[in-house]
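Here's a short set of exercises to work through with the structure open beside you. Try each task before reading its solution.

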Amino acid sequence: MPGVVMALLLPAVPPCSWEFGGLRSHSAGQWTTGQHMKHLHFLTPKRSGQSCVQARRACAATAAASDNDSLTEPRAHRAVLHHAQPAGLKESARAGQTDAQSGLNRAQRVVQTVHDWDPTSRLPHVSSEALRSSSPAPPNVASDSDGATLLKSLTWPQLQQWCAALGERPQRAEQLWKLMYHYKWGWPSTMEDTAGLQGGLGQIFTDQARGQSTFSGGLDLQEIHNAPDGTCKLLSSMHGDDTGALVETVVIPVERGGKTRWTICVSSQIGCAQRCQFCYTGRMGLRRNLNTAQIVEQVILAKRMLKEEAQPTSASDLSHFNSQKVNIVFMGMGEPLANLSAVMAATDIMCHTSGLQLSPNNVTVSTVGLVPQLLHLLHHSPAQLAVSLHATTDEVRDWLCPINRRYNLATLLGALAENFPSAPDPPSSRRFVLMEYVMLRDINDTLEDAHRLVQLLEPIYCKVNLICFNTHEGSSFRPSTAEALKAFQSIVGQSGRVCTVRESRGDDDMAACGQLGVVDQDSLIPLLTPPPHLKDKLLAVA
């Protein structure tokens with residue numbers, strides 16, 4: 001079967017034309033001429049009335065704000081993304097090159113990756129409007145080691161484009177989407193698994209698609225660890241990976257009012273580059289980003305496991321199983337916003353009404369404070385936002401969360417106040433931000449910290465979630481006492497804030513918050529020096 005050429009369109013893109021290698025198309029998806037190529041290409045749009053310089057500046061801003069794609073997978077295992085010239089601009093491209101480079105440099109000064117920053121420097125405050133002008137690259141589209149497109153890495157508009165490029169009718173995209181994500185079909189692992197199912201794929205299409213595309217999510221479930229409190233940790237290997245690294249996903253049961261609801265904690269990276277001092281995953285450093293399909297597959301693996309445990313025997317049982325509330329939290333390994341394109345596409349799939357059918361209110365993306373990416377998420381995703389604050393002064397947060405040396409408390413909280421302004425008697429349906437705060441004994445849990453936190457959050461419409469610290473090997477931190485935790489919560493609650501406590505779940509099997517990952521003792525990321533007045537508050541570590 002000939003290779004496939006696609007144009008990957010971002011949602012809600014105005015009508016525009018695209019060109020690459022002699023291939024021209026319009027947003028309706030009709031191809032007029034061009035050579036078939038196996039790899040996928042993102043084609044740069046030129047909107048109606050837009051000059052060459054304007055188009056090039058838009059492309060430069062897009063490229064500058066993209067996350068570190070080179071860490072996603074080995075080059076041979078990735079779809080190749082190319083930036084091409086807009087239609088009709090080939091002759092005038094050189095004229096706009098200087099202005100484009102200038103725009104690129106300006107954008108790069110605002111949106112830098114977290115992998116090359118100077119920990120001793122601090123950027124000045126940048127307005128939300130300036131940061132919002134830079135857009136990340138389109139969602140990550142992945143392929144397996146044989147070059148077959150992972151269909152679970154495509155959003156709904158992208159899958160429609162993929163089917164149109166094959167010459168398939170629009171119904172084909174709907175059929176594939178439901179087979180991959182609807183609970184009725186049990187989330188089949190391969191196209192061949194749909195044979196015999198009502199609405200399954202025919203043999204002709206399956207044969208044609210073989211080698212070109214796959215239902216695989218790029219993960220194989222290897223182990224399930226069960227903690228005494230009912231928490232499960234799923235360990236999955238990655239296709240085409242020979243390092244032995246495992247993707248860790250945690251499934252947490254929550255009993256409320258006699259009903260069980262589930263929280264699925266997914267990972268977005270292997271390891272993490274943020275170096276939060278209390279986090280076990282941070283000692284690994286960043287190993288690689290996960291692609292969209294691997295993030296979505298974690299939810300599907302968890303749902304398959306829960307379905308096997310429930311063993312529904314009838315259509316009504318199956319419907320009851322699907323009605324059980326499921327929350328998705330991006331709080332596993334990694335900083336989600338450092339892998340923004342893949343995470344954004346994954347949340348789109350999870351919240352699609354014909355996809356995994358999760359309410360946007362039940363999908364939460366957590367960040368330690370990457371402000372430009374945070375702003376993009378707020379304006380382009382329906383998912384909820386959680387921010388890991390963990391300190392009330394820049395001195396302590398510079399140490400606990402080194403990203404604060406780039407985006408300090410004033411920058412981070414200023415962006416949140418602009419987007420979640422506090423107001424008297426807000427409606428219950430109004431969007432809020434969840435502020436996460438890990439409680440570390442004698443470090444950030446004093447009464448002074450509690451009062452400062454109330455003052456810092458005064459202009460922000462938010463809820464506060466206090467997290468009991470989960471100890472791990474090599475940590476010099478201790479969890480707060482029950483008395484300190486209660487007093488801290490009382491002060492925050494008396495200010496009118498909703499303030500809850502997240503109790504440890506799965507901590508006896510290294511499945512709790514901040515405990516995920518496998519750290520090689522020979523390649524530990526070194527810890528930072530604490531502020532002088534806190535040195536004697538830490539435990540001595542051999």
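**Exercise 1.** In which sense do E6 and strand E7 (residues 232-238) pair, and over how many bridges?

*Solution.* Keep in mind that you're looking at a predicted model. Put the two strands side by side: E6 and E7 run antiparallel, with 7 bridges linking them. For one concrete pair, pick Asp220; its bridge partner in E7 is Ser237.

**Exercise 2.** Place E6 in its sheet, then work out why strand E6 (219-226) and strand E17 (499-502) each have one side without a neighbour.

*Solution.* Start with the strand order. The sheet is open and has 10 strands, going E6-E7-E8-E9-E12-E13-E14-E15-E16-E17 with mixed pairing. Next, look at the ends: E6 and E17 sit at the edges and have a single partner strand each, so one side of each lacks a neighbour in the sheet. Finally, check the twist: on average, neighbouring strands here are turned by 25 degrees against each other, direction ignored.

**Exercise 3.** Where is Arg275 found, and is Arg275 buried or partly exposed?

*Solution.* First, locate Arg275 in the loop between strand E10 (269-271) and strand E11 (286-289). Then check the backbone: Arg275 isn't a glycine, yet its phi is positive, near 60 degrees. Last, the relative accessible area of Arg275 is 27%, so Arg275 counts as partly exposed, given that buried means under 20% and exposed over 50%.

**Exercise 4.** Do the same for Gln357: which loop holds this residue?

*Solution.* Gln357 lies in the loop between helix H9 (340-351) and strand E13 (363-367). Its phi is positive at about 60 degrees, though Gln357 is not a glycine. With 37% relative accessibility, Gln357 is partly exposed.

Notes
Residues numbered from 1 in each chain as written. Predicted model: local features only at pLDDT ≥ 70, side-chain atom pairs only at ≥ 80, totals over all residues. Heavy atoms only, no water. Pairing = 2+ DSSP bridges. Helix = DSSP H or I, 4+ residues; strand = E, 2+ residues; numbered from the N terminus. Axes fitted to C-alpha atoms, helices over the stretch in contact; angles between N-to-C directions. Buried < 20%, exposed > 50% of the residue type's maximum accessible area, 1.4 Å probe, protein only.
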